Amino acid sequence: MNEMISAEIRRFVQEESGNRFGESGERYFDDPLVGFAAADDPLFLEYKEVIGGFHLTPEELAETAEGGCWQPRSVICWVLPITETTRAGNRTETVYPSRAWAQTRHHGEAFNTSLRRHMVRFLVERGHHALAPQLHPGWREYGETPVGIASSWSERHAAYAAGLGTFSLNDALITERGIAHRLGTVITDLALTPSPRPYLHHKINCLWHRNGTCGACIGRCPVGALSKEGHDKRICRDHVYGTIPAKVAEQYQVASTGCGLCQTRVPCEGKIP
């Protein structure tokens, strides 16, 4: 069953027109990575301590799902790697993201939402319950928490639980295809085999956390949101959701632009360094 799910995610990414730039027909995302976590993995309870009590478990999400309460068994996670062409364009930027990066953030994330909905339908049509946490009515963003800006479901933490990567100095997830990507999750009552977590600790893929070298992402941030102490989410957010869209969103013809400077021209851009 794991392979059936993985194959359907790969097929959708490869074939759907929503994963393509309108002008060139090139993809926003390369072939995905897919991982699986058990819905009752103790990590999901630990996240209530690590992130905050507001972070929902798969069971809590299923309890308030449309169509009634059901018992979740698995969390399906995927990584959508941003293409080399788009990453290369963003490497040369120093203040604002490239046009292709901004369009990938806007249109590519719309495609990612379509993938979430598709996988829910795919499972329901086969007699299973399923939900996408990002589209669940219980999803919330919290501006002030002990860990800064956070939400009631973290796709990065779900992907970590599914063995897909570990955390970086800039709070992103470094996967075997690097740090430049989008993430997605679906929770289901279908029992799937959990993926192994092949790491020694939750920050091992980051050179800074591994041995104190690198820190390249610090120099890539144009507003000083990164330091050896970590990531200032408030400064970052003001730039990504305020300054950048005000400057280039109309020019790029998108509503959301992203930034991605600290995810490009760094050793972890497209691999585990």
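Leaving aside neighbours within four places in sequence, Thr264 touches Arg87, Asn90, Arg91, Trp101, Arg220 and Glu269, where contact means heavy atoms within 4.5 Å. Welcome to a predicted model, in which local features need pLDDT of at least 70, side-chain atom pairs count only at pLDDT 80 or more, and totals for chains, interfaces and linings use all residues. Residues are numbered from 1 along each chain as its sequence is written, and side-chain values use heavy atoms, with hydrogens and water left out.

**Around Thr264**
- Thr264 lies in the segment after α9; helices are DSSP runs (H or I, at least four residues), numbered from the N terminus.
- With a relative accessible area of 0%, Thr264 is buried (buried means under 20% relative accessible area, with a 1.4 Å probe and protein chains only).
- Thr264 and Thr86 are 178 residues apart along the chain, yet 9.7 Å separates their C-alpha atoms.

**Helix α9**
- Helix α9 covers residues 233-252, and its end C-alpha atoms are only 25 Å apart, short of the 28 Å of a straight helix (1.5 Å times one less than its number of residues).
- A kink of about 65° is centred on Pro245, the bend being the angle between axes fitted to the seven residues ending there and the seven starting there.
- Pro245 is one of the buried residues of α9, which also include His239, Val240 and Tyr252.
- The cover over the buried residues of α9 includes α5 (99-124).
- After α9 comes Gln253, with a positive phi near 60°.

Conventions:
Helix = DSSP H or I, 4+ residues; strand = E, 2+ residues; numbered from the N terminus. Buried < 20%, exposed > 50% of the residue type's maximum accessible area, 1.4 Å probe, protein only.
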